[in-house]
Amino acid sequence: MADLLFAAATLLLLLAAAGLVALWRTGTDVDRMLAVQLLGAAGIGVLLLLMPATGDPALLDTALLLALLAALAACAYRAAFGPARPKAGTPPAAPRP
């Protein structure tokens, strides 16, 4: 069973690496942020597959920490590069026809 989990983790890691290379070569800033999210999700998946294979419960804690950091990275990206908020007291923009 452990061999199957190691093989699945390796396959997931290779697929994530291929996705990252494809996104990194032809990407804008948004594509690169999605690549970081892909890496975070794949890392979580790999750690969750390796935890029962090795029997090390610290990998579960590491996966949870990686999930938290991936969510915070998305929030930080949105706060830094998202659309600017309108100033207080300005009327909202008219809807487009």
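The buried residues of helix α2 are covered by elements that include α1 and α3. This is a predicted model, and its secondary structure amounts to three helices and zero strands, following the pattern α-α-α along the sequence. Of the protein's 97 residues, 20% count as buried. Let's start with α2 and then visit its neighbours.

**Helix α2**

- Helix α2 covers residues 29-54, and its buried residues are M33, A35, G40, A42, G43, I44, G45, V46, L47, L50 and A53.
- From first C-alpha to last, the 26 residues of α2 reach 37 Å, close to the 38 Å expected at 1.5 Å a residue.
- Just after α2 comes G55, which has a positive phi near 80°.

**α1 against α2**

- Helix α1 takes in residues 2-25.
- The axes of α1 and α2 lie 9 Å apart, and the two helices pack at an angle of about 175°.
- An angle over 145 degrees counts as roughly antiparallel, so α1 and α2 are roughly antiparallel to each other.
- The residues of the contact of α1 with α2 comprise 21 nonpolar, three polar and two charged.

**Two residues of α1 to look at**

- F6 sits in helix α1 and touches L50, A53 and T54, leaving aside residues up to four places away in sequence.
- Two of the residues that F6 touches, L50 and A53, are on the list of buried residues of α2.
- Is F6 buried, exposed or partly exposed? With a relative accessible area of 36%, F6 is partly exposed, because that category lies between the 20% and 50% cut-offs.
- F6 and V46 are 40 residues apart in sequence, yet their C-alpha atoms are 8.8 Å apart in space.
- L13 is also found in helix α1, and at 49% relative accessibility it counts as partly exposed.
- For L13 and G43, the C-alpha to C-alpha separation is 7.5 Å in space, with their positions 30 residues apart in sequence.

**α2 against α3**

- Helix α3 runs over residues 58-81.
- α2 and α3 pack at an angle of about 170°, and their axes are 8 Å apart.
- This pair is therefore roughly antiparallel as well.
- On the α2 side, the contact includes D29, V30, M33, Q37, G40, G43, I44 and L47.
- On the α3 side, the contact includes L59, L60, A63, L66, A70, A73 and Y77.
- By type, the residues of the contact of α2 with α3 are 16 nonpolar, five polar and one charged.

**Helix α3**

- How far apart are the end C-alpha atoms of α3? They are 34 Å apart, which agrees with the 34 Å that its 24 residues should span at 1.5 Å a residue.
- L59, A63 and A70 are buried in α3, and what covers the buried residues of this helix includes α2.
- L59 touches L47, L50, M51 and T54, not counting residues up to four places away in sequence.
- A73 lies in α3 and touches M33 and Q37, again not counting residues up to four places away in sequence.
- The C-alpha atoms of A73 and Q37 are separated by 8.3 Å, although these residues are 36 apart along the chain.
- A73 counts as partly exposed, since its relative accessibility is 28%.

**The nonpolar core**

- In soluble globular proteins, nonpolar side chains tend to be buried together.
- Which residues make up the largest nonpolar core here? It has seven: A9, I44, V46, L47, L50, L59 and A63.
- At least two residues of this core come from each of α2 and α3, and α2 gives the largest share, four residues.
- Core member L50 is touched by F6 and also by L59.
- Core members L59 and A63 are buried residues of α3.

**Contacts along the chain**

- Among contacts between residues at least 6 apart in sequence, 52% join residues at least 24 apart.
- Pairs from the sections above that are far along the chain include F6 and V46, 40 residues apart, and A73 and Q37, 36 residues apart.

Conventions: Residues numbered from 1 in each chain as written. Predicted model: local features only at pLDDT ≥ 70, side-chain atom pairs only at ≥ 80, totals over all residues. Heavy atoms only, no water. Axes fitted to C-alpha atoms, helices over the stretch in contact; angles between N-to-C directions. Parallel < 35°, antiparallel > 145°, perpendicular 65-115°, else oblique. Nonpolar A, V, L, I, M, F, W, Y, C, P; charged D, E, K, R; others polar. Buried < 20%, exposed > 50% of the residue type's maximum accessible area, 1.4 Å probe, protein only. Contact = heavy atoms within 4.5 Å. Core = buried A, V, L, I, M, F, W, Y, C linked by side-chain atoms within 4.5 Å. Expected span 1.5 Å × (residues − 1).
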